[in-house]
Amino acid sequence: MGLIESGITAALEHLPSRFHDDIRSALDLHFKPHGDSANWEKVLSEIPCFDDSTACFTADAVHVSTHRQIDTDLLEQQLKQLMPWRKGPWHLLGVDIDAEWRSHWKWQRLNTHITPLQQRRVLDIGCGNGYYLFRMLGEGARLALGVDPAQLFLYQFLGVQKLVPSNNAFVLPLQSANLPPFNYFDTVFSMGVLYHRRSPMDHLAELFSFLRPGGELVLETLVVPGDERTSLVPPDRYAKMVNVWFLPGIPALELWMQRIGFINVRVVDTCLTTTEEQRKTAWMTFESLNDFLHPEDPTRTIEGFPAPERAILIAKKPLRPG
């Protein structure tokens with residue numbers, strides 16, 4: 001757990017000391033070694049550390065290069081031991097990782113609408129392997145803190161961090177519900193998380209509490225056609241996922257956000273997820289979107305619900321309590 005602990009310590013050094021005890025307590029309570037942790041730790045220890053690499057975080061693929069001679073075949077073998085890679089793409093010292101999601105498509109859909117991230121403190125809930133954290137640094141964020149309880153993604157992130165120059169991206173292996181009410185971050189992202197929460201209102205309240213007064217929320221989630229009274233609650237699964245609880249109509253979602261206290265709520269993008277954006281690859285060989293859609297009607301999920309449609313909403317936390 002050496003690299004995990006050093007990463008947590010580094011993250012805390014970039015946060016005010018008043019948050020340290022709460023985060024440490026949450027980690028003590030909620031962070032437990034995974035059954036595969038020993039294997040992942042071994043892989044991580046074998047990935048070389050580069051102190052002379054260069055990185056570009058503004059291109060579609062997070063790009064890392066070096067003038068040193070390296071064994072790309074060995075590096076590829078090491079990185080493939082951390083499969084599946086869900087978010088990407090990555091170009092790491094000659095190794096191209098074609099992840100399940102073409103995550104840069106989502107970034108392109110939202111990046112022109114948000115407040116520029118230059119010198120902002122950013123929190124990314126459900127950050128996965130940190131692809132978006134590096135894109136946030138590429139836009140000038142002074143701190144990009146990710147939160148995700150999936151330990152495999154943490155090891156992927158730490159593997160990338162061994163290859164790139166020192167930077168201010170960090171990941172805490174926690175859920176958003178484990179975090180203190182920071183009232184600190186300039187921008188908070190929650191992408192692909194809301195529908196996994198049993199209580200969407202509680203999640204929105206958490207996001208509200210993480211923002212400083214005047215801060216901005218970037219929320220991306222699954223939605224369904226409907227009005228302010230519409231919310232689909234799957235009786236069992238949605239697109240084969242068992243952990244989907246609420247899929248609102250966009251007007252309902254806007255109302256939820258307003259009830260929590262957000263202002264200036266606006267929709268900046270909606271799109272159907274396609275099998276070109278989310279698909280099986282050599283780096284993610286399990287089932288993907290094509291397996292989740294009805295074989296005779298791709299406008300429906302395999303259960304018969306509307307196919308995945310995603311909306312991006314942006315909102316502000318008021319400067320003063322309402």
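Two strands are taken as paired if DSSP finds at least two bridges between them, and helices (H or I, at least four residues) and strands (E, at least two) are DSSP runs, numbered from the N terminus. This is a predicted model, in which local features need pLDDT of at least 70, side-chain atom pairs count only at pLDDT 80 or more, and totals for chains, interfaces and linings use all residues. Residues are numbered from 1 along each chain as its sequence is written, and side-chain values use heavy atoms, with hydrogens and water left out.

An open sheet of 7 strands follows the order β9-β8-β7-β10-β11-β17-β14 with mixed pairing. Strands β9 (169-172) and β14 (263-272) each have a single partner strand and stand at the edges, so one side of each is left without a neighbour in the sheet. The twist from one strand to the next averages 15°, where axes are lines fitted to C-alpha atoms, for helices over the stretch in contact, and angles run from 0 to 180 degrees between N-to-C directions. Helix α1 (residues 2-13) packs on this sheet and touches β8 (143-147) and β9, contact meaning heavy atoms within 4.5 Å; the direction of α1 makes about 115° with that of β9. Helix α8 (residues 200-210) lies across β7, β10 and β11 (211-223), running at about 150° to β11.

A further open sheet, of 4 strands, has the order β1-β2-β4-β5, again with mixed pairing. Here β1 (54-56) and β5 (95-97) are the edge strands, each with a single partner, so one side of each is left without a neighbour in the sheet.

Two strand pairs are set out below.

| Strand pair | Sense | Bridges | Bridge partners |
|---|---|---|---|
| β7 (residues 121-125) and β10 (residues 185-191) | parallel | 4 bridges | V122 and T187 |
| β4 (residues 90-92) and β5 | antiparallel | 3 bridges | H91 and D96 |
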